[in-house]
Amino acid sequence: MSQTFARFPVDSTSSSHARIGAQSALETKKGGESIMTFTDLVAYFRARFGVEEGQTMAEYGVVLAVITALVVAAILALSGAIANALHTVQGYL
């Protein structure tokens, strides 16, 4: 049986220690304010933004796009010289 506690699913089959820890971490004060210490906030941001999973593929994609753009620009810049060289070779044949 699973229940939701403050938007966080809590599985009732898990150990009671984990459930108590999750509930005590999300307890609210009398005014409805959640209890979050600075340490909790730092730990949250490290966990949220410290994950670098998948970034390497994106970085490879960006590098590949830059290299492709440079190759296309070089071919366009040298297209006149390449055409002249091919015509010269064709003239010799």
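**Figure 1. Phenylalanine 45 is partly exposed in this predicted model.** Let us start with a single side chain. Phenylalanine 45 has a relative accessible area of 40%, and since buried means under 20% and exposed over 50%, this residue falls in between. Along the chain, phenylalanine 45 sits in helix α2, which covers residues 38-49.

**Figure 2. Tyrosine 44 and phenylalanine 45 make an edge-to-face ring pair.** The count of aromatic pairs here comes to 1. In that pair, the ring centres of tyrosine 44 and phenylalanine 45 are 5.4 Å apart and the ring planes meet at 65°. Planes over 60 degrees apart count as edge-to-face, so this pair earns the label. How accessible is tyrosine 44? Tyrosine 44 has a relative accessibility of 44% and therefore counts as partly exposed. Its partner, phenylalanine 45, is partly exposed too, at 40%.

**Figure 3. A nonpolar patch lies on the surface.** Six names are worth finding in this view: Met36, Phe38, Leu41, Tyr44, Phe45 and Phe49. Together these residues offer about 690 Å² of accessible area. Both rings of the aromatic pair, tyrosine 44 and phenylalanine 45, belong to residues of this patch.

**Figure 4. Helix α2 is hardly covered.** How many of the 12 residues of α2 are buried? The count is 0. From its first C-alpha to its last, α2 reaches 16 Å, close to the 16 Å expected at 1.5 Å a residue.

**Figure 5. The whole chain holds 3 helices and 2 strands.** Stepping back from the close-ups, you can follow the elements from the N terminus in the order β-β-α-α-α. Buried residues account for 1% of the 93 residues in the chain. The accessible surface of the chain is about 8400 Å², and carbon and sulfur atoms contribute 65% of that area.

**Figure 6. Confidence is highest in helix α3 and lowest in strand β1.** Across the chain the average pLDDT is 75, and 59% of the residues score at least 70. Which element has the lowest confidence, and which the highest? Strand β1 (residues 2-5) has the lowest mean, at 49, whereas helix α3 (residues 55-92) has the highest, at 91. Where pLDDT is low, the predicted coordinates should not be read in detail.

Methods. Residues are numbered from 1 along each chain as its sequence is written. This is a predicted model: local features need pLDDT of at least 70, side-chain atom pairs count only at pLDDT 80 or more; totals for chains, interfaces and linings use all residues. Side-chain values use heavy atoms; hydrogens and water are left out. Helices (H or I, at least four residues) and strands (E, at least two) are DSSP runs, numbered from the N terminus. Buried means under 20% relative accessible area, exposed over 50%, partly exposed in between (1.4 Å probe, protein chains only). Accessible areas come from the Shrake-Rupley method with a 1.4 Å probe; for residues, only the protein chains shown count as cover. Patches are made of residues with over 30% relative accessible area and no salt bridge: like charges are joined within 9 Å, nonpolar side chains (Val, Leu, Ile, Met, Phe, Trp, Tyr) within 5 Å. A salt bridge is a side-chain nitrogen of Lys or Arg within 4 Å of a carboxyl oxygen of Asp or Glu. pLDDT is the predictor's confidence in each residue, from 0 to 100. Rings of Phe, Tyr and Trp (its six-membered ring) pair if their centres lie within 6.5 Å; planes under 30 degrees apart count as stacked, over 60 as edge-to-face and the rest as tilted. The expected span of a helix is 1.5 Å times one less than its number of residues.
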